[in-house]
Amino acid sequence: AAPDRESLRDLAVRVAAEAGDLAAEGQAGITVLDTKSSPTDVVTEMDRATEDLIRARLLAERPGDAVLGEEGGDDEGTSGVRWVVDPIDGTVNYLYGSPDWGVAIAAEVDGVVVASAVNVPARGEMFEAVLGGGSRRNGETLQAPPAVPLNLALVATGFGYFPERRVQQARVLLEVVPHIRDIRRGGSAAVDLTGLATGRYNAYYERGLHAWDWSAPGLVASEAGVRVGGLRGGPPSNDLVIAGRPELYDALDALLAPLGADTDG
Ligand code: IPD
């Protein structure tokens, strides 16, 4: 029998809480200056340690499950449940001591995300969601604010790590900014997507994300009434993720489609 979604969510929340504590302790020791010779190594070390903890805790309770993590690749399972994990989403913010980074843990059953937790320790925010059961922040039910017209929308986005991709992302951005209220580059897809559920942003789009970036926070957003998908109303993918209340989603989708926002130009 399929495991019940609430118990998967509860496990995700417990593990995200412990992992967030571990990562937050580690962040205190990192300064941008200290790590100048190898700025990413220290962060990678913390990413790995946090993901190792998450894998160990999940598999201790549910030994037959699969785990896909940003750092550690794919562990195969036998139970039909796969965990999709980003130990530290927003690593650059993490490195710079900014609060917008989070631990994201989603549970998929037969390929469908059914439960998730996103812990944003520096903001004191724990998000959780169950497919068909709503989403909450620190225990309070979330409902995204109604759609606003595109020209009044505060839109979050992000950029890839490769220069060639950024050139195209900058081109797309050039065509987007005149049509919206303003743009934000928060630095964490998990914080951006959960921010749609709480009203910090109205809409979001980004090219080049991976399942671990959008799975857990995407469920938090969609359970709060946000549509999370891809270009031309398709499913979210590495090519493009778009999110917003349905009317706003459609308007942003229509703006992005002719711009080649899902390509590298
Ligand atoms: C990154 C963040 C960032 C987004 C990047 C992601 P990471 O995740 O979510 O906002 O723009 O595309 O890779 O690498 O910090 O886990």
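Domain bounds here come from an automatic or database domain assignment. With that in mind, this predicted model has a protein chain that splits into domain 1 (5-141) and domain 2 (150-259).

How far apart are the centres of domain 1 and domain 2? Taken over C-alpha atoms, the separation is 21 Å. The contact draws 28 residues from domain 1 and 19 residues from domain 2. On the domain 1 side, several elements chip in at least two residues each, among them strand 1 (66-69), strand 3 (81-89) and helix 3 (91-96). Strand 5 gives the largest share of that side, with 5 residues.

Here's how the residue classes look for that side and for the shell around the ligand.

| Set of residues | Nonpolar | Polar | Charged |
|---|---|---|---|
| Side of domain 1 that touches domain 2 | 15 residues | 8 residues | 5 residues |
| Shell around the ligand | 3 residues | 7 residues | 5 residues |

Now for the ligand itself. There are 15 residues around the ligand, and D89, T91, G158, S188 and A189 come nearest. Which domains supply the shell? Domain 1 (5-141) and domain 2 (150-259) each put in at least three residues.

Finally, helix 1 (residues 5-28). Its 24 residues, at 1.5 Å a residue, should span 34 Å, and the end C-alpha atoms are indeed 34 Å apart, so the two values agree. Which residues of helix 1 are buried? The buried ones are L8, R9, L11, A12, V13, V15, A16, A19, G20, A23 and Q27. As background for reading that list, an α-helix has 3.6 residues a turn, so residues three or four places apart point the same way.

Terms used:
Residues numbered from 1 in each chain as written. Predicted model: local features only at pLDDT ≥ 70, side-chain atom pairs only at ≥ 80, totals over all residues. Near = placed C-beta within 6 Å. Nonpolar A, V, L, I, M, F, W, Y, C, P; charged D, E, K, R; others polar. Helix = DSSP H or I, 4+ residues; strand = E, 2+ residues; numbered from the N terminus. Expected span 1.5 Å × (residues − 1). Buried ≥ 20, exposed ≤ 12 C-beta atoms within 10 Å, placed from the backbone. Contact = placed C-beta atoms within 7 Å.
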